[in-house]
Amino acid sequence: MISVLIPAAGSGERLGMGAKALLELRGKTLLERAVQAFAGIATEIIVALPEANLELLVQNARVVGGGATRQESVQNLLAAATGDIVLIHDAARPFLPREVIERVLEAVQRVGAATAALPVADTLVLEDSGNWGQVTDRSKMRAVQTPQGFKRSLLLEAHQKALLEGVSATDDAGLVARLGLPVALCLGDERLFKVTRAGDWALATAFAEVWDNGLSS
Ligand code: CTP
Ligand code: MG
């Protein structure tokens, strides 16, 4: 049984257009796009929404209230999940290719925890007071995306431990890695970029038509 958990309760502060998951691209919200990506894969889909939007009906999904942080929203989602495997995917990533889901699922079965991640194209440098500092070896760096998949019991343990120890993280794979357990890295996808700032919104607006017409692969 696979539970898909979608954190969608953020306020979208950096974008500045209101609750980000509820913004529409070509007539479909980011949240609807994220939910639809799992059609035929999930046994259940649960989404975390802002408290102000709890009356919203999301097709094919159950709704829970979000928390003050992403981590708290995921805790609420986990408390409602029943599958032995959970896939967590941010509503802020509306273009999710099916093959990425398949890669993550395959790796979860094998390893117990897995995330989509992408090699980095740009040169990476540590900033030193506004100046060029140390260069990091790009070939070993990965940009972590979602979906992330876990045996549910494992992720529960990771969240409980983080809560007890007052640790916060922006993703779930990091909480599992803290336990000293392996997290498989699966190849992500450029189209899975996270809508975070105005430039991402411009890109998403333009790309939606290409994606919807099946012209992006
Ligand atoms: N999220 C959530 N609950 C929160 C904060 C974030 O469910 N309290 C979700 C967002 O809805 C999003 C995902 O976590 O789908 C990734 O978060 P991010 O891109 O940071 O979105 P926001 O928190 O909404 O944006 P910002 O940080 O700019 O306010
Ligand atoms: Mg945020």
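**Exercise 1. Describe how Phe 95 and Phe 207 pack.**

Step 1. Both Phe 95 and Phe 207 are buried, where buried means under 20% relative accessible area, exposed over 50% and partly exposed in between (1.4 Å probe, protein chains only). The model is predicted: local features need pLDDT of at least 70, side-chain atom pairs count only at pLDDT 80 or more, and totals for chains, interfaces and linings use all residues. Residues are numbered from 1 along each chain as its sequence is written, chains are lettered from A and ligands numbered from 1 in the order in which they are written, and side-chain values use heavy atoms, with hydrogens and water left out.

Step 2. Search the whole structure for aromatic pairs: there are four. Rings of Phe, Tyr and Trp (its six-membered ring) pair if their centres lie within 6.5 Å; planes under 30 degrees apart count as stacked, over 60 as edge-to-face and the rest as tilted.

Step 3. Apply this to the two rings. The centres of Phe 95 and Phe 207 are 4.9 Å apart and the planes stand at 90 degrees, so the pair is edge-to-face.

Step 4. Place the pair in the chain. Phe 95 sits in the loop between β6 (85–88) and α3 (98–111), and Phe 207 in helix α6 (residues 198–212), so the pair ties together parts 112 residues apart in sequence. Helices (H or I, at least four residues) and strands (E, at least two) are DSSP runs, numbered from the N terminus.

**Exercise 2. Classify the pair Phe 95 and Trp 211, and extend it to a cluster.**

Step 1. The ring centres of Phe 95 and Trp 211 are 5.6 Å apart, with planes at 55 degrees, so this pair is tilted.

Step 2. Trp 211 lies in helix α6 and Phe 95 in the loop between β6 and α3, so the pair ties together parts 116 residues apart in sequence.

Step 3. Compare the cover. Phe 95 has a relative accessible area of 0%. Trp 211 has 22%, so it is partly exposed.

Step 4. Join the rings: Phe 95, Phe 193, Phe 207 and Trp 211 form one aromatic cluster.

**Exercise 3. Find what holds polar contacts with ligand 1.**

Step 1. List the surroundings. Ligand 1 has 18 residues around it (a heavy atom within 4 Å). The closest are Gly 12, Glu 13, Arg 14, Ser 73 and Lys 194.

Step 2. Look for polar contacts, pairs of N or O atoms within 3.5 Å; within protein, one must be able to donate a hydrogen and the other to accept it, and residues adjacent in sequence count only if both atoms are side-chain atoms. A polar backbone atom of Ala 9 is 2.9 Å from an oxygen atom of ligand 1. A polar side-chain atom of Ser 73 is 2.7 Å from a nitrogen atom of the ligand. An N or O atom in the side chain of Lys 194 lies 2.7 Å from an oxygen atom of ligand 1.

Step 3. Check the cover. Alone, ligand 1 exposes 560 Å², and the protein buries 87% of that. Accessible areas come from the Shrake-Rupley method with a 1.4 Å probe; for residues, only the protein chains shown count as cover.

**Exercise 4. Locate the unusual backbone angles.**

Step 1. Recall the rule. Most residues other than glycine have a negative phi, and most peptide bonds are trans.

Step 2. Asn 60 has a positive phi, near 65 degrees. Asn 60 lies in the loop between β4 (44–49) and β5 (62–65) and is exposed at 65% relative accessible area.

Step 3. Ser 129 has a positive phi too, near 45 degrees. Its loop runs between β8 (124–128) and β9.

Step 4. A cis peptide bond joins Thr 146 and Pro 147, with omega about 10 degrees. Pro 147 belongs to strand β10 (residues 142–151).
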